[in-house]
Amino acid sequence: MSAAPPICGVIAEFDRAEPMIGALRAARAAGWPDLDAYSPYPVPDAAKILGAHGAPVGWIAVGVGLFGAALQFGVQVWLNVFDYPLNVGGRPLFAWPLFLPSAMIVGILWGAVAALVGMLALNRLPRLHHPVFAAPGFERASQDRFFVCLFTGRPGFGPEAAAALLRDHRPLRIAEVPRA
Amino acid sequence: MSGAQGGIDTRRIADVALAPRFGRGFLAALAAAALGVLLLCYAVVVLLVVGLGVWGTNVPFVWGFDLINYVWWIGIANAASLFAAVLVIRRHGLRTAVNRFAEAAALAAVLAAALYPILHLGRPWLFWWVFPYPATYEVWPQFRSALIWDFWGIMSHVVVTSLFWYVGLIPDLATLRDRARREWQRRVYGLFALGWRGSVQHWARHQAAYRLVAALVLPLLLAAQTIVALEFAVTLVPDWHQARLPVHVVGTGIPSGLGVVLVLAVLLRATLGLERYIDDADMDLLGRLFAASALACALIYAGEIVTALLENPRTREAFLSRAFGDYAPLYWGAAVLTTLLPQLLWWRRLRHIPLVTVPLGLGAAAGVWLDRFSLVAGGLVRDHLPRIGPLYAPTAAEWILLIGTLGLFVLALLLFARFVPVISMFETRHEESEREAP
């Protein structure tokens, strides 16, 4: 293997979620600095081990949504009360309840867009290429297989240690991930 | 447990989208829908060249097919998205089977709906005047008017419905990318999958975003229909000037959307061989939901009668003329098709006969269309002033435009069924894995 191209990690393939979670837990316990797992559907337990959760997406969407709603409300007030006051049968200019519907709607629009963009940004997507795509059989991560990838490179966390750690969980196969 | 792989097999769904050929039936349907879209182009060109005079609208009937069809399409879109969003938020088992194409139906319907408000402006190419942009004359849109809210409502509706559909689609596009055998398929699906690699960390944020957008769809749906209803309610027309109108428009729209979803479910099962994923239990639940929405619709109709009788004489007279006057068949047709006939689906046996469910679903959609016609045209029969002109009747140009939007709706759904997975694959896998767990 020494003549092979430089690698950036070791990946193990499983046919079920449980051994994947087991391997993740073991790698975390061993203090592995950089690791990830790939699954064909959400596995919340695995995400918890890796310390990822959805709450930041929610906060981004709520914050941006409120900002959008406030901006829309403010723009309406400025346009219809200050910049272009139009007297319609003596009705009040600052008719705030009538500024609420579009403020709410546009706030929702901002929030929904922020949910998508925020999710992508936190996930560092779109990123069309990633080294794990080169791992053999990785196309089944989007179908029916589960993968754990231990990224190597730090001293003490080399490929041999990674392979030994992953082998304990009886994966279907262990492969090296070439550096892209 | 190692033999459990069969449980999460969703290859059948992916291969539908990747199949090189789809058969003559699909091509024939595609051709028919494309013909419809050509008719739509023709109708739009005639409208732009000749003007609004090609329509049958005239004082007092200033709104005709434009508003009838707009409200109708929006109703279908809303009910379909409402249904999909509630399933996603509640993580209901039915979501795996129907939420994806309910979202697609909503998207196709909202596209068809969004055409009408633009086309009915008279000078549609100036529709951007409703947007607050710094004009030379230094005038701004009047935000105290429901008509301006509608612009924001429709625009947000189109964008958020598309987002809801797309966010749920990203992981499934990655599956297609990975299963595709041909290079161009891999590239196209890969591009739209945004490099999704199924990291469990990404999943956690994706699920949060998906459910969040689903939750955000809900108030938007109510707002969109309510604003349309308010456009009627703020006028002085006796039959429209009622606080109950938003409830009526939102509530009666639901059987139309659920009817369309029901019909689509039957068609997808029959044509794509997806009985395993949209199983009999799903159809059963969908049928009962449809019947229940019709029951809610019946309550709204009953409420309408009671309110009309309690209201002032002008409103009562306007309602009676709508129910028993020139447009009476529309009112009663709507009442029968949207409230009475769907009740048949309370019988378990009937819920599983496509020859019963398809006509009932389409009937409910048609019934809601009659209700919109009755509301828009019939509501104006008794106004404060005596009417001198003839009654409103749609012209050929309006019918062609309606057929054209139907073509657009069908074309969008056919392309959807052809190129993307019609069933949420990752949700199906998720569901199956949960079922296997003890």
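This is a short tour of chain A in a predicted model, from its overall outline to the side that touches chain B and then to strand β3.

**Whole chain**

Select chain A and colour it by secondary structure. Five helices and four strands should appear. Going along the sequence, they come in the order β-α-β-α-α-α-β-α-β.

Now turn chain A to view its outline. The C-alpha trace spans about 85 × 30 × 30 Å along the principal axes. Its radius of gyration is 25 Å, whereas a compact globule of 180 residues would have one near 16 Å. Of those 180 residues, 45% count as buried.

Contacts within the chain can be sorted by sequence separation. Taking contacts between residues at least 6 apart in sequence, 80% join residues at least 24 apart.

**The side facing chain B**

Show chain B next. Contacts between the two chains involve 60 residues of chain A and 53 residues of chain B. To find the chain A side, select β2 (35-38), α2 (44-49), α3 (55-83) and α4 (96-122), each of which supplies at least two residues to it. Which of the elements gives the largest share? That is α4(A), with 17 residues.

Colour this side by residue class. It holds 40 nonpolar, 13 polar and seven charged residues.

**Strand β3**

Hide chain B and select residues 146-151 of chain A, which form β3. Are the residues of this strand buried or exposed? Six of the six are buried, where a buried residue has 20 or more other C-beta atoms within 10 Å of its own.

Show the side chains of the strand. In a regular strand, side chains alternate between the two faces of the sheet. In β3(A), one side carries A:Phe146, A:Val148 and A:Leu150, and the other carries A:Phe147, A:Cys149 and A:Phe151. Both faces are covered, since every one of these residues is buried.

**Partners of β3**

Add residues 7-14 of chain A, strand β1, to the selection. What is the sense of its pairing with β3(A)? The two strands run antiparallel and are joined over six bridges. For one point on this pairing, pick A:Phe14, whose bridge partner in β3(A) is A:Phe146.

Then add β2(A), which pairs with β3(A) over four bridges, again in the antiparallel sense. Here A:Ala37 has A:Val148 as its bridge partner in β3(A). β2(A) was also on the earlier stop, as one of the elements supplying at least two residues to the side that touches chain B.

Key. Residues are numbered from 1 along each chain as its sequence is written. Chains are lettered from A and ligands numbered from 1 in the order in which they are written. This is a predicted model: local features need pLDDT of at least 70, side-chain atom pairs count only at pLDDT 80 or more; totals for chains, interfaces and linings use all residues. The radius of gyration is taken over C-alpha atoms; the globule rule is 2.2 Å times the number of residues to the power 0.38. A residue is buried if 20 or more other C-beta atoms lie within 10 Å of its own, exposed if 12 or fewer, and partly exposed in between; C-beta atoms are placed from the backbone. Two residues are in contact if their C-beta atoms, placed from the backbone, lie within 7 Å. Ala, Val, Leu, Ile, Met, Phe, Trp, Tyr, Cys and Pro count as nonpolar, Asp, Glu, Lys and Arg as charged, and the others, Gly among them, as polar. Two strands pair if DSSP finds at least two bridges between them.
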